[in-house]
Amino acid sequence: MTDGIRNITRTNISRRRALAGLGAGASLVAMPWIARAADDTIRIGFPTPLTGPFAAEAKDQVKSAELAVKQFNDKGGINGRKIELLVRDDKLNGGEAATRTLELIEKDKVHAVVGSLSSAVQLAVNEVTRARGIIYVSISQSDTINEVKDFSKYTFHEALNPHMTAGAVARYSFKKGSKVAHLVADYAYGHEMLRGFKRAQAEIGAETVGEILHPFGAADYSTFMPRLRSMRPDFLCISNFGRDQANSIKQAVDFGLKQQAKIVVPVILHNQRLAVGPEVFEGVVGGANYYWGLESQLPSAKAFNDAYRAANGGAIPTDYGAYGYTGLSSLLMAMQVAGGTDTDKVIAALEVLKYDVAKGPQSYRKCDHQSVQSVLVLESQKKADMKGDADLFKVVANEAASEKVLRGCTELGFPA
Amino acid sequence: MDTELILMQLFSGVALGAILVLTALGLSIIFGMLGVVNFAHGALFMVGAYAGLWVASLTGSFWWGLLVAPVMIGLFGMLIEYFLIRPLYGRSIDDPLLLTFGLSYVLVEGVRIVFGTDGIPFPTPPALTGVLDLGVGFFPIYRIFVVGVVFVVVLLLWLGLEKTRFGLIVRAGARDPTMMRVLGVDISKVWLLVFGLGVGLASLGGVLSGPMRSVNPEMGSLVLAEAFVVTVIGGLGSLLGSIIAGLAVGIVISMTALFAPEMATIVMFALMALVLLVRPQGLFGKLA
């Protein structure tokens, strides 16, 4: 049953197998070798929301992940074994993601799972992978996944988390006595970002003058604007993602909030800046895991950009796209060290891995498997200051990789 | 809570309601006259936004986009009526519904292929950027302009339907198409024009929305839901119902945003449920 379905979904192998069978004149000698060659492939499942409001970011994740796979395959794979990436659309829906992940594990027999692009959906994927004892490298923001109730030894979090991202943006932007108004998407991502900002504000001494939760996926924000204006903030902090970010910033600017307050966001998105244009985003400050402009300072960024450009007709990698590359590269490097796909050996290798493939040194913290890494703070460029179409942001701060910006292991519920 | 804020919120609600009226009108007209539930309404709204953007980028002027795109997409709508919907008249109401539902997928995919899946910037025309001081607060000039356009469109529609001979034929055709045929009126020509008008209104809504929201292939799906809610509340096929329901929904959303912002989207559906419980035919609808 399982094999039947695998043959349908992976026709290239069944065809090869059939041809080989014919060529050998139904000789039984050739068959075991062919069968083992097919089973030797290292399969990585990659659920991501290819359709829906985060589609642009998801597509970039896939391109970057494919690049990492190609680079390892070009070097002869891992211990001679080829790597195959199995991309699935999770439709930005927890239930869908869980079903696809289960299929990847049960039918496609993947050796590990990388992916997802939502703080909520990744928890659904993690639920499945940890129950099945499969390694999962999550590449989108979440604080919850670090905490002991969602953690398992199979769970790795390669992305930044809201605590460190919001913290970096707050430390760069807010001063003692700053007044901050929050507009927040009403789901896990927004709530976690808000918590991150408020915790940093408490340390800095910046005051919260108001919080508005908006429904996820709203197209019109005009009805929130009068109240935000009446709060008279120094900073308008907008914690949402994807097209919600584009629409809410655009409408805040239309309502003249930029004249009144500085707009800051936890994560400033390359694709959304492209979608609404430089005038609207001008001066907006936000955090990022990656920006292609790092290439002037970092050799690893330059190497990643060049490889990406060569593979994608001159296009540059984006922030969430880069997660596909760093997340998959870290897993494949650990598999290389482990000499294969033995789950416990790969976990051990990931826990001690030091890697720098795009954005400077990174490593997984032992207790919660959070990737310790740098956090960038970017400011959207004025149109007149842009040197070329891709010159979107200025790197205004680069918080170096340090466990100090993470929550402590005991706070997350791990034994000291 | 101070009065200024409540007044400002009320005004935001009216402005939002005006946009809802515009998106619901086309849907309501087509259903009222032709009995076709147009599920491609949202997709045509989106196609209108792209067409407006395309014309504006060719001519370098937003105004050409605003004028030409609705006519262009309205003509496209007539082609849809002539070749796809016409063969389905006289069959059950589900047939055109399923056809337009499928069509909406084709249109969204088509736009994805031609313009890409990412959003495209649609800048506000320079003459309409900035905010206006209303005395109680500031409001974007562009949104005030949109309210004005909706007012003019509604006025023209009303004059057209109530005061012209063509309007008389359209209204009579909606009541009893067979009698109109007997009287020698080519009713299929009237339906062609009405469908084109409804689609043109959808795409006008799309072009006007462009500078307020980012333009992307999925922008129509939410609009379709909103337009349905408004027409159902107002009463399917009732023009006056769409207008009053659109404004009411806008104001209710805005007031909810003030007191319980996270409920701002769901309140629209709650209102619809309430109206359906009390008055199943909608505020101004007639019982079938």
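1. Let's start with one residue: Ser300(A) sits in helix α14 of chain A. Keep in mind as you read that this is a predicted model. Is Ser300(A) buried, exposed or something in between? It has 18 C-beta neighbours inside 10 Å, so it counts as partly exposed; a residue needs 20 or more to be called buried.

2. Which residues does Ser300(A) touch, if you leave aside its neighbours within four places in sequence? The contacts are Asp356(A), Val357(A) and Ala358(A). Leu92(A) is another story: 208 residues separate Ser300(A) from Leu92(A) along the chain, and their C-alpha atoms are 31 Å apart.

3. Stay with α14(A), which covers residues 299-311, and look at how this helix meets α4(A). The two axes come within 10 Å and cross at roughly 100°. Angles from 65 to 115 degrees count as roughly perpendicular, and α4(A) and α14(A) are therefore described that way. On the α4(A) side the contact uses Ser64(A), Leu67(A), Lys70(A) and Gln71(A), while α14(A) brings Ala307(A), Tyr308(A) and Ala311(A). Sorted by class, that contact has four nonpolar, two polar and one charged residues.

4. Now zoom out to chain A as a whole. You'll find 16 helices and 15 strands in this chain. Its radius of gyration is 22 Å, close to the 22 Å that the globule rule gives for 416 residues, so chain A is as compact as a globular protein of that length. Its C-alpha atoms fill a box of roughly 80 × 50 × 40 Å along the principal axes. Of the 416 residues, 51% are buried. Take the contacts in chain A between residues at least 6 apart in sequence: 69% of them join residues at least 24 apart.

5. Chain B has eleven helices and two strands. Where do the strands fall in the sequence? The pattern reads α-α-α-α-β-β-α-α-α-α-α-α-α, with the two β elements following the opening run of four α. The radius of gyration here is 19 Å, close to the 19 Å expected from the globule rule for 288 residues, so chain B too is as compact as a globular protein of its length. The C-alpha trace spans about 60 × 50 × 35 Å along its principal axes. Buried residues account for 48% of the 288 in chain B, and of the contacts between residues at least 6 apart in sequence, 74% link residues at least 24 apart.

6. Chain B has a helix pair worth a look as well. Helix α9 (residues 219-234) of chain B packs against helix α10 (residues 239-259) of chain B at about 120°, with the axes 8 Å apart. That angle makes α9(B) oblique to α10(B), and the crossing is right-handed. From α9(B) the contact takes in Val229(B), Val230(B), Thr231(B), Ile233(B) and Gly234(B); α10(B) adds Gly241(B), Ser242(B), Ile244(B), Ala245(B), Gly246(B) and Val249(B). Class by class, you get six nonpolar, five polar and no charged residues.

7. Finally, how do the two chains meet? Across the interface, 32 residues of chain A are in contact with 32 residues of chain B. On the chain A side, α4 (55-74), β7 (207-214), α9 (225-230), α10 (243-254) and α12 (270-276) each supply at least two residues. Which element gives the largest share of that side? The answer is α10(A), with six residues. By class, the chain A side has 14 nonpolar, nine polar and nine charged residues.

Key:
Residues are numbered from 1 along each chain as its sequence is written. Chains are lettered from A and ligands numbered from 1 in the order in which they are written. This is a predicted model: local features need pLDDT of at least 70, side-chain atom pairs count only at pLDDT 80 or more; totals for chains, interfaces and linings use all residues. Two residues are in contact if their C-beta atoms, placed from the backbone, lie within 7 Å. Ala, Val, Leu, Ile, Met, Phe, Trp, Tyr, Cys and Pro count as nonpolar, Asp, Glu, Lys and Arg as charged, and the others, Gly among them, as polar. Axes are lines fitted to C-alpha atoms, for helices over the stretch in contact, and angles run from 0 to 180 degrees between N-to-C directions. Angles under 35 degrees count as roughly parallel, over 145 as roughly antiparallel, 65 to 115 as roughly perpendicular and the rest as oblique. A crossing is left-handed if the near helix is turned anticlockwise from the far one by less than a right angle, and right-handed if clockwise. The radius of gyration is taken over C-alpha atoms; the globule rule is 2.2 Å times the number of residues to the power 0.38. A residue is buried if 20 or more other C-beta atoms lie within 10 Å of its own, exposed if 12 or fewer, and partly exposed in between; C-beta atoms are placed from the backbone.
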